[in-house]
Amino acid sequence: MKITDIKKYLTATGELQKELFAESVRVRKETIGEDVHFRGIIEFSNYCEKNCLYCGIRCGNEKAERYRMTKEEIKICLAFIDRVKYGSVVLQSGELTSTKDKRFLLEIVQFIHNNYPHLGITLSCGELDFEFLKELYGAGAHRYLLRIETSVPSLYKKIHPEHHSLEKRIETLNDLKKINYQVGCGNMIGVPEQTIDNLISDLNFFQEMDFDMFGLGPYVIHEDTPMGNFENKKSWEENKEQIFQTTLNFIAMLRILLPSCNIAAATALDVFKPNGRIQALKAGANIIMPSVTPQIYRGKYLLYQNKPCIDEHAEDCSACTIRQVNAAKLNPVLGTPGNSLHYKQRNI
Ligand code: 5AD
Ligand code: SF4
């Protein structure tokens, strides 16, 4: 596809946007079908070693109330995931570095692998070192989500502190591929000063790196962060609709360019519209990740403000997402891990 066409579609509205979604849905149907797979997500700790300028659980945010779930609490979540047959679990936290936290994660992965061998296991715990990633893979984790946030070095610098490194992030993504994880990446759409050309660079990066899964989403302001100042808040509020629509267009473009990948409908889309995630499924996504995090912790895992469903329980989210997927006339599939077709093809 020509750059001019990509630009046109990323900014599409009205009839052109309808055409774009018709094409992405056609491509999805032809490649992976209309199945929507579920991943129960457990946000097991909001401690983070990093200090990203946009994120509510950055280590510098002293207002964030920190928690770590216990093994027993995680086991209850796993039994729930098994009971409602989500088929996969995602373990997410801030970036882990201490030996104690790493050992804890390894033990949880071993527990899942031994007790629920049929469950897909995805990790999303930041830039871990090669040897430890290998150990986790050996223990049964087989998918890893690590967003690039932006592939553009100058923008990466603007939204991260000096010591965070884009090169290191790319190195970790390559490590994950070497180990043979199903690798998921993604970006944030709508960060201040991001341009359409920046988004085209992200699309190119995703194609070049040939990822298996995507979990991208809109940027949402958080007041207790350096990027959440009054000026940014005002322009974010003014651009909300555009950020939402650009995210949907980006998902549709990804589906067209990388047809056999798994693409998640980000929860952050529900900040913009009550059915935001469902609109993402209608634009070409095929994965939904209902929260299984216990209600007592949900209000503390705040990467961004106005996070949806913080008062709900895992049961509510299960019934609600299945109902929404049915209403969108898609096919909710329970009881299978829903691995990425792209990964399977890559490994033939
Ligand atoms: N808005 C949207 N997404 C955010 N993340 C962190 N902070 C925000 C925010 N303010 C996303 C990052 C990270 C993922 C775990 O959460 O993209 O990779
Ligand atoms: Fe930590 Fe991720 Fe938030 Fe950055 S975006 S501060 S790495 S949780």
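## A buried asparagine in helix α9

In this predicted model, Asn232 lies in helix α9. With a relative accessible area of 18%, Asn232 is buried, because the cut-off for that word is an area under 20%. Leaving aside residues up to four places away in sequence, Asn232 touches Pro192, Ile221 and Met227.

## The nonpolar cores

Which residues have the most contacts inside the largest nonpolar core? They are Ile42, Leu91, Leu105, Leu136, Leu173 and Phe206, and the core as a whole has 106 residues. Helix α9, which covers residues 230–257, gives the most to this core, with 11 residues. Apart from this core lies another one, of seven residues, which include Leu145, Met213, Ala264 and Met289. In soluble globular proteins, nonpolar side chains tend to be buried together.

The contacts of Leu105 give a closer view of the largest nonpolar core, where Leu105 is one of the residues with the most contacts. When residues up to four places away in sequence are not counted, Leu105 touches Phe44, Leu91, Leu96, Leu123, Cys125, Phe132 and Leu136.

## The surroundings of ligand 2

Where does ligand 2 sit? Ligand 2 is placed in the largest cavity of the model, and the residues around it are Cys48, Lys50, Cys52, Tyr54, Cys55, Ile57, Arg58 and Gly94. Sorted by class, this shell has five nonpolar residues, one polar residue and two charged residues. Gly94 counts as polar, whereas Lys50 and Arg58 count as charged.

How values were computed:
Residues are numbered from 1 along each chain as its sequence is written. Chains are lettered from A and ligands numbered from 1 in the order in which they are written. This is a predicted model: local features need pLDDT of at least 70, side-chain atom pairs count only at pLDDT 80 or more; totals for chains, interfaces and linings use all residues. Side-chain values use heavy atoms; hydrogens and water are left out. A residue is near a molecule or strand if one of its heavy atoms lies within 4 Å of it. On a 1 Å grid over the protein atoms alone, a cavity is a set of points where a 1.4 Å probe fits but cannot get out, and a pocket is an open set with protein on both sides within 12 Å along at least five of seven lines; lining residues have an atom within 4 Å of a point. A molecule sits in a cavity or pocket if more than half of its atoms lie within 2 Å of its grid points. A nonpolar core is a set of buried Ala, Val, Leu, Ile, Met, Phe, Trp, Tyr and Cys residues joined through side-chain atoms within 4.5 Å. Buried means under 20% relative accessible area, exposed over 50%, partly exposed in between (1.4 Å probe, protein chains only). Helices (H or I, at least four residues) and strands (E, at least two) are DSSP runs, numbered from the N terminus. Contact means heavy atoms within 4.5 Å.
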